[in-house]
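User: I'm new to reading protein models. Could you walk me through this one?

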Amino acid sequence: MIITNTRGTQDILPADMMYWHHIETTARSIFNIYHYQEIRTPIFEQSELFERGLGNDTDIVSKEMYTFLDKGNRSLTLRPEGTASIARAVIQHPQLTKHNQAKLYYCGPMFRYERPQAGRFRQFHQIGVENIGNAHPFTDAEVISLGLHLFDELGIPGLSVSINSVGCPVCRPVIQERLKQFIGNTLKHLCGDCNRRFDQNPLRILDCKNDTCRTYFTGLPDIHKSLCHDCKDHFNSVVEYLDSLGVPFDIDPKLVRGLDYYTKTTFEIVSDKLGAQNALCGGGRYDNLVRKMGGKDTPAVGFAFGVERAVMILKEFSEIVKREDPLIFVAPIGFNQQTRCFHLMNELRRAGLKCEMDYSKEDLKSQLKIADKMEASYCLIFGEEEAERNEIILKDFKKRSQDSHPIDHIVEILTQKITPQ
Ligand code: AMP
């Protein structure tokens with residue numbers, strides 16, 4: 001029986017790689033402008049890191065983690081997101097915050113045991129930024145506008161930003177209480193998850209994706225009225241700074257996001273080109289996470305976006321041009337010329353030219369067919385006659401022309417043709 005890839009995972013094939021490279025390269029260059037530096041953390045961590053960091057009653061921790069015991073009986077988890085690992089790394093490596101702030105970005109695979117569907121995978125990739133050590137609302141505005149700047153630069157259409165404040169440990173209990181009062185009467189109509197959350201973490205009820213439940217959330221009292229002074233001021237400032245930067249956004253009081261570590265600002269960037277799974281990017285402030293993980297009081301704000309979702313949009317709606325170096329196909333005619341061509345290929349590659357040869361074919365016709373399939377730009381043909389004259393034929397597929405050249409000069413001739421002047 002043929003073994004295929006596991007449900008919820010996918011092979012990213014060479015034909016799609018230009019989108020991935022475009023996203024990764026653009027992200028790196030934008031992050032550099034905003035003075036963020038790359039960090040790479042391990043793909044698996046102690047399970048406790050995520051349990052403590054994300055909260056035990058989040059969907060991720062309670063249902064979606066790939067957790068296993070290693071041969072030393074340690075409970076390990078494939079990372080479901082990047083922020084908890086970065087909080088751990090910041091505590092573990094004090095040099096990261098030697099200027100009292102760390103501006104870090106990451107790219108890599110994440111793992112969640114979710115029901116796979118379009119735009120939702122069990123192994124997916126996130127690119128994210130974490131701005132650690134800054135409490136000023138400028139930071140929230142910077143991070144949100146950085147996200148938009150990046151998506152604009154990538155050429156992603158149909159974007160909109162929603163923001164909210166989920167308060168802090170001072171005002172969260174008040175918000176939770178008001179929510180409980182509002183939702184209490186309708187509880188029997190809500191799903192099992194909502195009922196469970198009602199006691200454990202009522203704010204997360206607003207994150208429920210069940211359509212029936214959502215109908216009961218209309219007319220929600222303005223939870224911003226229950227924010228404490230500090231959270232209210234912070235939220236108003238973020239709104240003001242976003243306005244002043246010209247960032248368009250909506251305030252969505254139901255935007256609570258699925259992770260418990262958020263305090264104050266939460267935000268989401270969606271694209272109307274994505275369909276049901278329209279969230280492209282999610283983030284927010286998490287002022288208590290580093291302390292909760294055993295570090296110092298460290299305010300922070302960040303976001304992550306899903307690379308697969310960005311690729312889906314770019315494939316359908318953008319015109320990224322594949323930029324590839326021209327391929328030179330080297331075609332020896334007959335067994336005797338193969339070794340000379342094999343060496344020539346080595347010289348071409350050392351000169352930085354992309355070339356290929358088929359070691360199993362000796363006749364010209366089948367080699368030209370292969371060159372055509374590979375979409376080669378040039379073919380170098382080397383037969384017995386050429387060997388005697390110390391020459392080689394250069395066939396230009398685009399110009400439909402061919403000429404003989406001294407074999408000793410061919411690398412130089414091709415370099416001049418191919419390398420941009
Ligand atoms: P989160 O870490 O849940 O805030 O998600 C941030 C972003 O990651 C989302 O907006 C998606 O673009 C992406 N994402 C989250 N979960 C998945 C998944 N299972 N498959 C693909 N992308 C995902």
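User: Okay, what percentage of the 421 residues in the chain is buried?

Analyst: One thing to keep in mind: this is a predicted model. Buried means under 20% relative accessible area. Here, buried residues make up 50% of the 421 residues in the chain. As for the surface, the chain has about 21800 Å² accessible, and 49% of that belongs to carbon and sulfur atoms.

User: How many helices and strands are in the chain, and is it spread out or compact?

Analyst: Count 15 helices and 16 strands. For the second part, you compare the radius of gyration with what the globule rule gives. The chain has 28 Å, well over the 22 Å from the rule for 421 residues, so it is more spread out than a compact globule. Along its principal axes, the C-alpha trace spans about 95 × 55 × 45 Å.

User: Now the ligand. Which residues around the ligand come nearest?

Analyst: Start with the residues around it, then look for polar contacts, meaning pairs of N or O atoms within 3.5 Å. Of the 14 residues around this ligand, Arg112, Glu114, Phe121, Arg257 and Leu280 come nearest. A polar side-chain atom of Arg112 sits 2.8 Å from a ligand oxygen, while a polar backbone atom of Phe121 is 2.8 Å from a ligand nitrogen. Cys281 has a backbone N or O atom 3.4 Å from a ligand oxygen. The protein covers 91% of the 480 Å² of accessible area that the ligand has on its own.

User: Which strand gives the most to the shell around the ligand?

Analyst: That's β10, with three residues. The shell's residues divide into six nonpolar, three polar and five charged.

Conventions: Residues numbered from 1 in each chain as written. Predicted model: local features only at pLDDT ≥ 70, side-chain atom pairs only at ≥ 80, totals over all residues. Heavy atoms only, no water. Near = heavy atom within 4 Å. Polar contact = N/O pair within 3.5 Å; in protein donor to acceptor, adjacent residues only side chain to side chain. Areas by Shrake-Rupley, 256 points an atom, 1.4 Å probe, with all protein chains shown as cover. Helix = DSSP H or I, 4+ residues; strand = E, 2+ residues; numbered from the N terminus. Nonpolar A, V, L, I, M, F, W, Y, C, P; charged D, E, K, R; others polar. Rg over C-alpha atoms; globule rule 2.2 N^0.38 Å. Buried < 20%, exposed > 50% of the residue type's maximum accessible area, 1.4 Å probe, protein only.
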